Each structure stands twice: as structure tokens, then as C-alpha cells.
Amino acid sequence: MRPPTGPSRAAERRHEGIEYEIAQEKAAALGRSARRLEDALSALAAFDAAPPPRDPARREALLRAAGETLWYYVVQREAVGMRDTEVVMRELRVPREVQLRMGVFPSREDR
């Protein structure tokens, strides 16, 4: 009788394949999240560029949405090991107003 050996090469290849698929899905999900953030920031910028009169409640809703989207994006980046949020703020030119709303969610009564 022979002692058990480590995993077979075929099992290792299957495992590597699964790890590769997981990495691809993480990258795709992060990309989708980045596009949602870019869309939210663009909507806010378009609103600010529109001629007056502008609805302050609409702007607040856009700020809230952008802050929430930024929060989800930063959390997702951190989950895949990308921890430098300053890079995000700088590269995407995230307005300070949006940064201050990151992770701030309305109370249940306000929903």
C-alpha cells in the first residue's frame, strides 16, 4: 500500500481554473461598480452645469446617490486588496461634497 500523495495535477489545474474565474468576476464587478460611480458623478456634474433655476432637492438626491455609489466602489476595491482611496478621489476627481457623503445613508424614516 502506498501512502497518499498530494492533489493530482489535474485537480490543481481545476483549482487554478476556478481561481482564475473568480479573479475575472472580481475584476468585472469592480469595473461595473466604477462605471456606476462615473455615471453618478457625471449626472451631478451635468446638473451643476445646467442653467438655473435648479431644484435643490434634485441636487441633494444626486449628491446622496453619488456618495452611496462611491461608498460601494471603495468597499469593493478594498475587498480585492486595493486600499488607497486617495487614488480614487484624485483620478476620478470626486468632489469633496460627494466624499463627505460617502457611507452616509438616510434614516429609515427618510427612505
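Before I start, a note to self: a helix here is a DSSP run of H or I with at least four residues, numbered from the N terminus. I am also keeping in mind that this is a predicted model.

**Entry 1, Arg77.** With that settled, I looked up Arg77 and found it in helix α2. Is Arg77 buried or exposed? Arg77 is buried, and yet I found no salt bridge for it. The nearest side chain of opposite charge belongs to Asp84, 6.4 Å away. A salt bridge would need a side-chain nitrogen within 4 Å of a carboxyl oxygen, so I left that pair off my list. Next I checked what Arg77 touches, skipping residues up to four places away in sequence: Leu30, Met82, Asp84 and Val88 came up.

**Entry 2, the core.** I then turned to the largest nonpolar core, which has 17 residues. Leu41, Leu70, Tyr73, Val94 and Val98 have the most contacts inside it. Which helices each supply at least two residues of this core? I noted α1 (9–49), α2 (56–79) and α3 (85–91). Of the contributors, α1 gives the most, with 7 residues.

I picked Val98 for a closer look. Leaving aside neighbours within four places in sequence, I listed Leu41, Leu44, Leu63, Ala66, Gly67 and Leu70 as its contacts.

**Entry 3, the surface.** Last, I went over the outside. Trp71, Tyr72, Val75 and Phe105 make a nonpolar surface patch of about 360 Å². I traced Phe105 to the segment after α4 (96–101). Why does Phe105 count as partly exposed? Its relative accessibility is 35%, and partly exposed runs between the 20% and 50% cut-offs.

Methods. Residues are numbered from 1 along each chain as its sequence is written. This is a predicted model: local features need pLDDT of at least 70, side-chain atom pairs count only at pLDDT 80 or more; totals for chains, interfaces and linings use all residues. Side-chain values use heavy atoms; hydrogens and water are left out. A nonpolar core is a set of buried Ala, Val, Leu, Ile, Met, Phe, Trp, Tyr and Cys residues joined through side-chain atoms within 4.5 Å. Buried means under 20% relative accessible area, exposed over 50%, partly exposed in between (1.4 Å probe, protein chains only). Contact means heavy atoms within 4.5 Å. Lys and Arg count as positive and Asp and Glu as negative; His and the chain ends are not counted. Patches are made of residues with over 30% relative accessible area and no salt bridge: like charges are joined within 9 Å, nonpolar side chains (Val, Leu, Ile, Met, Phe, Trp, Tyr) within 5 Å. Accessible areas come from the Shrake-Rupley method with a 1.4 Å probe; for residues, only the protein chains shown count as cover.
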